[in-house]
Amino acid sequence: MENEFCEEPIEIKIETELVDSHDDIQNEREEKPYSCDVCKKSFSQKHHLNDHKRIHTGEKPYHCDICGKSFSTSGTLNTHKYTHTREKPNHCDICGKSFFTISALNTHKRIHTGEKPYHCDICGKSFSYTSSLSKHRSIHTGERPCHCQICGKSFPDKSKLRRHIYIHTGEKPHCCNICGKSFSQKNDLNKHIRIHTGEKPYHCDICGKSCSQSSDLIKHKRVHTGEKPYNCDICGKSFSESSALHIHRRIHTGETPYHCDVCGKSYSQIGHFNHHKRFHTGEKPYHCEICGKSFTTSGKLNSHKRIHTGEKPYHCGICGKSFCRSDTLNNHKHVHTEEKLYHCDICGKSFSSSQTLNNHKSVHAEQNVYHCDVW
């Protein structure tokens, strides 16, 4: 019984913390005549003061009749009982997701509304959750009160410490009931489950695009804002994602961490490395659902699809002619500039496109088809 419900107290603790935060906001608008004689905190109602005092006394008069666990408030006990029944009676009328408590539902709705009622009094940044605000404040204070007893590393909050401890234990207690994959963090499991369900709860208020993760939405919005917060300290170039900056730095360092075990060639980006490996394996994992043709990269598949759709998104700024591929447009531009970048290594003649050069080379190939076996 203990193992069956071992994860739930963490979740319930978070939910009850949200209840307290909600009460705090309500109380700011009301008269608070009842004060705690220990910490001087004030409350608008006497029973709220009585509940609060149990934080100091440690009293837990409300007992679960199923597992015997004790709680300081009746509300927390009622919430805990849902862990046994698995009942989630509070439903989101926007996406249908269910929650144990009304406070957890109200907190969830901020994903849809974008409401951020908690503000940092140092920099003014706003947050949807009190826990997020508390974590953020540690950036300003530098405080890291939570210490790992195994390696001594410090963290600004308990959740980050718990996440870190799994590195030492290797524990992955959160399992996907669809495919069986395990995760050390519940939020990682929730993100993973969206792969199966296709749920995309985060919506862009500019173009309407939906994302499965809030971090993906934040990255997407930079397409509209043009924000590039990650700067290279060597050349000053800016990027919209930290991963892009990390990859860019390899240009300066010369780092190529991805090595082909077939031919020994090295790459700075894993995408280029995976693409290269398909030359050895012959794998073509991207398939056209219209004609069935297969390709080694998604980019080549997307270019191919334009044959079927007729889409030509690349336009010449000089004559207005449109093309389905960017490289075809670049070749076309040489017509206007009269630039001839492609040279025949047999006769030295120059051409404005690689295709024209290849066509030309066939002339030399035909000249050498017939050889005299005497001379």
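In the next few minutes I will go through some salt bridges, three helices and a few single residues in this structure. Please keep in mind throughout that this is a predicted model, and that every value I quote is computed from it.

Let me begin with the charged pairs. A search of the whole structure finds 11 salt bridges, and I will talk about some of them, starting with those that involve R54. The side chains of D51 and R54 meet in a salt bridge, with 2.8 Å between N and O. Both residues belong to helix α2, which covers residues 46-57, and they lie three residues apart, about one turn of the helix. As a general point, an α-helix has 3.6 residues a turn, so residues three or four places apart point the same way.

R54 also forms a salt bridge with E59, and here the closest N and O atoms are 3.8 Å apart. Taken together, D51, R54 and E59 are linked in a network of salt bridges. Which of these residues is buried, and which are partly exposed? R54 counts as buried, because its relative accessibility is 15%, and the cut-off for buried is under 20%. D51, at 24% relative accessibility, counts as partly exposed, and E59 is likewise partly exposed, with a relative accessible area of 42%.

A further pair is E289 with K305, whose side chains meet in a salt bridge of 3.6 Å, N to O. This pair links distant parts of the chain, since E289 sits in the loop between β19 (286-287) and β20 (294-295), while K305 is in helix α11 (residues 298-309), 16 residues apart. E289 is exposed, with a relative accessible area of 61%, whereas K305 is partly exposed, at 25%.

Now to a histidine that some of you may want to find on the screen, namely H108, which has its place in helix α4, residues 102-113. Is H108 buried or exposed? With a relative accessibility of 7%, H108 counts as buried. The side chain of H108 is joined to that of H112 by a polar contact of 3.3 Å. If we leave aside the neighbours within four places in sequence, H108 is in contact with C92, C95, K97 and F99.

Next come two helices that can be described in a parallel way. Helix α5, residues 130-141, has 12 residues and reaches 17 Å from its first C-alpha to its last, which is close to the 16 Å expected at 1.5 Å a residue. Its buried residues are T130, L133, H136 and S138. After α5 comes G142, whose phi is positive, near 75°.

Helix α12, residues 326-337, also has 12 residues, which at 1.5 Å a residue should span 16 Å, and the 17 Å between its end C-alpha atoms agrees with that. The buried residues of α12 are L329, N331, H332 and H334. This helix is followed by E338, whose phi is positive as well, near 60°.

Finally, a word on I270, which is found in helix α10, residues 270-281. I270 is partly exposed, with a relative accessible area of 48%. Its C-alpha atom is separated by 9.5 Å from that of T256, and the two residues are 14 residues apart along the chain.

To return to where I started, the network of salt bridges to look for on the screen is the one that links D51, R54 and E59.

Notes: Residues are numbered from 1 along each chain as its sequence is written. This is a predicted model: local features need pLDDT of at least 70, side-chain atom pairs count only at pLDDT 80 or more; totals for chains, interfaces and linings use all residues. Side-chain values use heavy atoms; hydrogens and water are left out. Helices (H or I, at least four residues) and strands (E, at least two) are DSSP runs, numbered from the N terminus. The expected span of a helix is 1.5 Å times one less than its number of residues. Buried means under 20% relative accessible area, exposed over 50%, partly exposed in between (1.4 Å probe, protein chains only). A polar contact is a pair of N or O atoms within 3.5 Å; within protein, one must be able to donate a hydrogen and the other to accept it, and residues adjacent in sequence count only if both atoms are side-chain atoms. Contact means heavy atoms within 4.5 Å. A salt bridge is a side-chain nitrogen of Lys or Arg within 4 Å of a carboxyl oxygen of Asp or Glu.
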